Amino acid sequence: MVDTQPTNRIKHLVYQEERKTRFTSLFNAHKRGLFTYLLALTGDFTAAEDALQEASIVMWQKFPEFQEGTNFAAWARKIACNMGLRSRKEASKRLPIFSSRFLDAIAEASMASEEHRDRRGKALASCVLKLSQSDRELLTHRYGNEGLTAKDVAKTLNRPANTVYKALRRIRASLLECVRRTIAREDQP
Amino acid sequence: MNSSNSHRKEIIVLAEAFFEGTLDEEQAARLDRLVCEDAEAARLYMEYVELHGELHHMHQNRMPGAPIFGNAPDNTADDPLKQQTPSAPAGSSGMVFGWLGLGAITLAAGLLAATTLWWTYTSVDDKSQASFAVANNRNEHVAQLTTATDCCWRPTGNVGNDVGSKLKPGDRLSFDSGTIEVTHDSGAKVRLVGPAAYVVSGANRGLLEEGDLSASVPPEAIGFVIDTPAGQIIDQGTEFDVALHKDTTGDAFTADVKVTKGAVDIAMPKNVNYETVRSRFKDGQAARISSIQHSGTTTAKLDLKNFNSSQDGSFDPRTIKGMRIWLRADAAVMRDKQGRVTEILDLVGGSNKKAENFRQEKQNSRPLWLDRGLNGRSTLTFSGRQYLRLADRSELCFYDESLTIFVVAKASDNTQYFISSQGTLETSDQTGFRFTTSRDCGLRYMAGRTVQVIREFPITRHNVLSAIHDRRIPGKNTVALFCNGRQLGQIEPVPDSKIENSYPLTIGGNPESIHIYPDSTQNFLHGDLAEIILFDRVLSELEQQRIESYLMTRYDLHPSPPQLQ
């Protein structure tokens with residue numbers, strides 16, 4: 001009897017450690033998808049990152065409720081969704097209100113897009129390098145500074161906002177197409 | 001149900017508007033409807049969102065593609081970086097919260113009473129890079145030793161001489177001589193020349209602890225990170241060189257970074273709160289970064305490209321052999337919150353075994369930094385008992401070396417010290433060398449007990465002042481003083497002199513006054529210093545002219561000398 005308590009404590013510690021490792025593994029495997037999902041909800045990088053930070057903590061707190069063998073991605077998206085909605089409310093800028101069906105639809109699409117995400121990321125990196133120098137510089141202006149929009153970039157570059165909008169739209173469209181082509185080419189037998 | 005081509009375009013237009021902050025209510029409702037009614041529209045929207053997110057992370061110096069958040073399976077217990085992220089005693093995972101950065105750390109700390117530990121060297125805002133590193137399982141191979149030539153390995157490393165060895169996170173390569181190449185799994189290659197020490201941190205990250213490194217990073221490895229004790233270098237698709245130097249105190253490092261192709265970002269600690277500043281350098285540019293150990297200081301960056309600009313006559317003074325000290329008021333000057341100088345870094349770099357960085361720990365003894373003190377250029381302003389000195393004696397041995405010294409300076413009257421050395425702290429000690437003004441407002445050079453050369457002229461304006469002490473032929477020593485390229489009087493034959501350097505080289509003050517007369521303001525500089533260059537040999541006339549021309553052009557100084565008295 002004397003040894004029981006320490007043994008239980010050790011068992012508990014081992015259990016905690018295993019649980020921690022399991023959660024970490026699941027979270028890391030899904031966090032990119034979760035971030036993209038939150039970005040689709042908020043349209044704002046900072047809001048999405050903040051929401052994911054909060055969501056990770058809530059997920060850990062609620063992890064005992066998660067049933068092994070069920071869909072972690074779906075479970076995590078429910079929590080992330082709540083955090084995303086809260087983040088939208090707290091965001092200083094006005095964000096559009098989407099329906100619950102919209103939230104479900106993008107959750108579904110987000111989970112479906114998990115496959116080949118890494119390949120798409122690598123393809124994108126090579127596609128960016130194929131852009132012209134001026135296009136790459138424009139991307140750097142747009143994405144290299146936290147929180148800047150195309151309008152801000154236009155102001156910085158002293159160029160008409162519409163010109164910058166169009167240029168960024170063209171660049172992104174070409175990148176999407178390039179990524180698709182790259183993946184398709186890789187998949188060819 | 002397939003989206004029509006027009007629907008596809010509309011989704012993109014609406015998504016563009018959403019992410020540029022211009023989506024109105026009507027458009028939001030339309031986007032909502034399209035996504036809800038058409039799974040293909042939802043997929044298209046998510047595809048666009050993912051592109052947007054990837055571009056964002058890519059340009060925030062995060063690894064594009066897979067490593068943005070890291071998908072590799074984890075082994076928390078074995079993770080080498082676990083101890084560098086906040087611990088999570090309540091059962092949370094240090095790895096999970098590690099990538100979240102400052103905000104999450106604060107949040108997690110509040111919620112979970114986490115102990116805040118920081119990355120040893122890295123900037124804390126680079127979330128995904130940390131994520132990438134922690135995502136690597138310690139037991140997985142992430143790099144390979146691809147070349148090892150003539151290596152003399154040290155026992156402090158844990159990797160042998162076997163070319164082809166697979167390397168895990170935490171593996172350390174330490175060698176005294178030879179050349180090695182490490183190829184990370186990302187494709188990034190680093191070449192190191194001994195003596196050097198390099199730690200593999202992950203598939204796309206490494207830590208340079210000592211020595212020189214050249215990195216070649218293919219497009220798929222954009223975001224490759226080299227950590228150094230002086231700062232963090234984040235590749236943007238490039239080739240770059242890093243040379244790391246450590247001073248003798250062991251608490252300060254400088255890293256010279258030269259971009260040979262593409263661009264890199266350099267992240268440096270900004271203050272004691274571990275905020276960082278990040279600067280981008282492109283091919284042809286270089287930077288010197290330094291670790292900061294003093295609280296409340298800010299870091300200045302050095303863009304070496306400016307040194308070679310046409311404004312400076314396209315001339316790099318370091319191309320002249322024998323440069324041992326190069327201090328510039330507009331480069332690599334660390335300042336406290338009051339704008340006073342805590343440290344000025346020696347710009348010479350690789351030719352010195354250690355960085356001869358001059359410091360001042362005492363707040364009230366720090367000179368003031370002026371942004372535009374001399375024709376639009378920065379200066380250090382000394383007023384009273386203010387000085388900077390090396391932390392330790394210089395590696396320079398002045399015992400029988402010749403010297404050529406250049407200073408861009410002005411001073412008020414009386415004896416005031418530009419730069420000096422000291423052999424002992426005895427009041428009678430004369431064994432140092434001293435480049436000073438004279439009592440009569442002239443220029444003076446002293447060396448040992450026997451050499452003193454004074455040339456009188458008005459010194460209360462900025463000039464390029466120089467002294468050449470030629471000791472190449474014992475018994476036939478000479479000293480010559482110059483102002484703005486013109487010799488002041490005759491070359492003075494001087495007897496052999498013994499110069500010692502047991503005490504730290506000092507700028508703006510006399511070591512004797514500093515140590516023995518704590519309240520004295522005599523023998524301290526009342527004036528400005530913009531630049532100091534010291535060579536350990538006699539420059540040829542042409543070399544001297546090139547340095548003087550460089551300085552006068554740079555500071556827009558009048559070429560004609562002040563009138564001799």
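At what angle do helix α5 (residues 117-130) of chain A and helix α8 (residues 161-187) of chain A pack, and how far apart are their axes? In this predicted model, the two helices meet at an angle of about 125 degrees, and their axes lie 9 Å apart. The arrangement of α5(A) relative to α8(A) is therefore oblique. The crossing of α5(A) past α8(A) is right-handed. On the α5(A) side, the contact is formed by A:R119, A:R120, A:A123, A:L124, A:S126, A:C127, A:V128 and A:K130. On the α8(A) side, A:L175, A:C178, A:V179, A:T182, A:I183 and A:E186 take part. By type, the residues of this contact comprise eight nonpolar, two polar and four charged.

Elsewhere in chain A, A:K151 was examined individually. This lysine belongs to helix α7 (residues 150-157) of chain A. A:K151 has 15 other C-beta atoms within 10 Å, so it is classed as partly exposed; a buried residue would need 20 or more, an exposed one 12 or fewer. With neighbours within four places in sequence left aside, A:K151 is in contact with A:A161 and B:E20. The first of these partners belongs to chain A, the second to chain B. A:N162 is eleven residues from A:K151 in sequence. The C-alpha atoms of A:K151 and A:N162 are 8.3 Å apart.

Attention then turned to chain B. Its secondary structure comprises eight helices and 31 strands. Of its 565 residues, 53% are buried. Among contacts in chain B with a separation of 6 or more, 59% link residues 24 or more positions apart.

Two strands of chain B were followed through their pairings. Strand β31 (residues 526-535) of chain B has nine of its ten residues buried, so the rest of the structure largely encloses it. Strand β14 (residues 323-328) of chain B pairs with β31(B) in the antiparallel sense, over five bridges. Within that pairing, B:R328 has B:E531 of β31(B) as its bridge partner. Strand β19 (residues 377-383) of chain B is also antiparallel to β31(B), and four bridges connect them. Here B:T381 stands opposite B:D528 of β31(B). Strand β21 (residues 403-411) of chain B runs antiparallel to β31(B) as well, joined by eight bridges. In β31(B), B:D528 also stands opposite B:K410. B:D528 thus faces B:T381 and B:K410.

Strand β23 (residues 433-437) of chain B was treated in the same way. Five of its five residues are buried, so β23(B) is largely enclosed by the rest of the structure. Strand β22 (residues 417-422) of chain B pairs with β23(B) over three bridges, in the antiparallel sense. B:I419 has B:F435 of β23(B) as its bridge partner. Strand β24 (residues 443-447) of chain B also runs antiparallel to β23(B), with five bridges between them. B:F435 stands opposite B:Y445 of β24(B). B:F435 is therefore matched with B:I419 and with B:Y445, in two strands that each pair with β23(B). In a regular strand, side chains alternate between the two faces of the sheet. β23(B) and β24(B) form a hairpin with five residues between the strands. In this hairpin, B:C441 adopts a positive phi near 70 degrees.

Technical notes:
Residues numbered from 1 in each chain as written. Chains lettered and ligands numbered in written order. Predicted model: local features only at pLDDT ≥ 70, side-chain atom pairs only at ≥ 80, totals over all residues. Pairing = 2+ DSSP bridges. Axes fitted to C-alpha atoms, helices over the stretch in contact; angles between N-to-C directions. Parallel < 35°, antiparallel > 145°, perpendicular 65-115°, else oblique. Left-handed = near helix turned anticlockwise from the far one by under 90°. Contact = placed C-beta atoms within 7 Å. Nonpolar A, V, L, I, M, F, W, Y, C, P; charged D, E, K, R; others polar.
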